Amino acid sequence: MDKMMQQKFSEDLLQYLNDSPTAYHAVENAETILKQNHFQELKETMAWSLQKGGRYFVTKNRSSIIAFTVGDNDVASEGFRIIGAHTDFPNLKIKPGPCTVTPDGYVKVNVEVYGGVILSTWFDRPLAVAGRVIMKENNELKEKLIKIDKPIFMIPNLCVHFQRDVNDKGFSYNKQKDIFPLLCMKEDDIEKDDYLLNLIQEESGIQKADILDYELFLYEFQKGIFTGKNKEYISASRIDNLAMVYAGLSALTEAANKGNQYRIFAAFDNEEVGSTTAQGAHSGFLVHTMNRICKNLGLSDDAFFQAVANSTSISADSAHAVHPNYGDKHDPENRPVLGGGPTIKYSASQRYGTSAFSAAYFMKACEQAGVPYQKYVNRNDIVGGSTIGPTISSLTTIPTVDMGTPILAMHSIREFGAVMDNVYTKMAFQAYLE
C-alpha cells in the first residue's frame, strides 16, 4: 500500500470512528460501505437466491452484520475464510425512567454502565447522545436511529477542596451515586421524564407520544484526531473495536475484486458484556448464515460439514501495547509496542482462541503482505480479558486466531494507537482473504 493509499485509509478509518457513536451506527455505516462496493442486502426473514460471484450482507438487530462473497470454487474442499470482530464498546447507557431532579433543581440523567468502562475518563467531558428509538406509526412498530451530536451532558468532578487526598489516594467512583450526567436546571411545568423525550422530539422530529422505548447511549462529543510528533498516532473513542471492524470491511471489499472465493466478515454486538445475546458471537448468527449459504447453493449436509472443517477464522479485537509508564504490567518477553504491527494473542487458559496452527496461518498472511507482527501473553499473575475467538471456535469448531492492533488506554473514553498498525492489519487481512 503506497503512502497516499495509507493516508486515505487512515483518514477514512478516523471518519468511521467519529461517525459511529453506537453499534447501530457502526452497522449502518458498514452497510453504506458495502452497498458502495456492490454488496446486496439480504433479509433473514425472506428467501435467498445466491449467485456464484455474488456479494451479500445480512444484519441482525441492526447492531450485528455479516457480509460475504460467494465463490466459484468448491467450498466443501476449500472452506470459508472468516474475519470476526465486534461492534460494541464500553459506555454509559440511559436507563428507563431517564431523569431525576435533585432538591437543588439539577436535572440529571439516569445511566448504567455498559461493559468495562474506565469511569474516571468520562468526567469533565462534553457528552452527546445517540442510539435507536422504537415508535409506533400507523399501528406498526418502526425503528429510527438518532444521533444528537451536540455537547449536551457533563459529569463534573468533585473539586479538590472537598477531597484533599484525591491525588494521593485516588477516588473510588460509585456507579450508582457518582455518574449521573447533568442535563440542565429544573424548568417549570416539565415532568421529569419529559426532559429527555422533549430533547429527542426537538432534535429528531419524532413525536414523544409515539415513542414506545429506546436504547440510547452517551458518547464523547469531541472527535478523534491524529496526534504525535509526526501525526503517527490516533487518539479517538471506540478504537476498541471499531478499528478492527473497519479494517475487516475494507479488506473484504477490496478482496471481492480479486477472484471469487467464499469469504465472510462478521461483526457482532455485545462482546463487552459476554456475547450471549441473539446478536452476539455466542448466538447462531454465523453458523446459520454459513449453513444457509451452502444450502442455498444446493450443497448437502455432508458438504456443509466439510466446508466448516476446511474453514479458518480470525478474531480481530484490540490488543494491549506495553504502556510506557507501567511496563511491569506486561510479560517480560512478549511486549508488543505501538507501530510494531498486528498482535497475536495467546492464552493457556483459552481466554484467546489462538493455537499454533491458527497463529501460523495469520503469520503467513502477514509475511505475504510484507507487514510485521507481534505476540502478546498476559503476565501469569494478571487475568486479562477475553474476546470472541474462543466463542467462534467452540460454536463452529473452526480454528481461530485472536489478534488485534496494540493500543493504550483500552476502555477509556478515549483510546490511543498507532496509525500504521491499522494499515498493517488491513494489509494482513487482505492477504488472508485473497
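Is Arg-62 buried, partly exposed or exposed? Select Arg-62 in this predicted model and show its surface: the residue counts as partly exposed, at 25% relative accessibility. The cut-off for buried is under 20% and for exposed over 50%, so the 25% of Arg-62 falls in between.

Next, add Glu-28. Its side chain meets that of Arg-62 in a salt bridge, with 3.8 Å from N to O. The two residues come from distant parts of the chain, 34 residues apart. Glu-28 sits in helix H2 (residues 23-36), whereas Arg-62 is in the loop between strand S2 (55-60) and strand S3 (64-69). Glu-28 is also partly exposed, at 32% relative accessibility.

Now move to Arg-132 and Glu-143. They form a salt bridge whose closest N and O atoms are 3.1 Å apart. Arg-132 belongs to strand S7 (residues 127-137) and Glu-143 to strand S8 (residues 140-153), so this pair ties together parts 11 residues apart in sequence. Arg-132 counts as buried, with 10% relative accessibility, while Glu-143 is partly exposed at 29%.

For another pair, select Lys-169 and Asp-165. Their side chains meet in a salt bridge of 3.6 Å, N to O. Lys-169 is exposed, its relative accessible area being 69%; Asp-165 is partly exposed, at 33%.

Then select Glu-28, Arg-62, Arg-132, Glu-143 and Glu-215 together. Salt bridges with shared partners join these residues into one network.

To finish, display the salt bridges across the whole structure: a search finds 19. Those visited here include Glu-28 with Arg-62, Arg-132 with Glu-143, and Lys-169 with Asp-165.

Methods. Residues numbered from 1 in each chain as written. Predicted model: local features only at pLDDT ≥ 70, side-chain atom pairs only at ≥ 80, totals over all residues. Heavy atoms only, no water. Salt bridge = Lys/Arg side-chain N within 4 Å of Asp/Glu carboxyl O. Helix = DSSP H or I, 4+ residues; strand = E, 2+ residues; numbered from the N terminus. Buried < 20%, exposed > 50% of the residue type's maximum accessible area, 1.4 Å probe, protein only.
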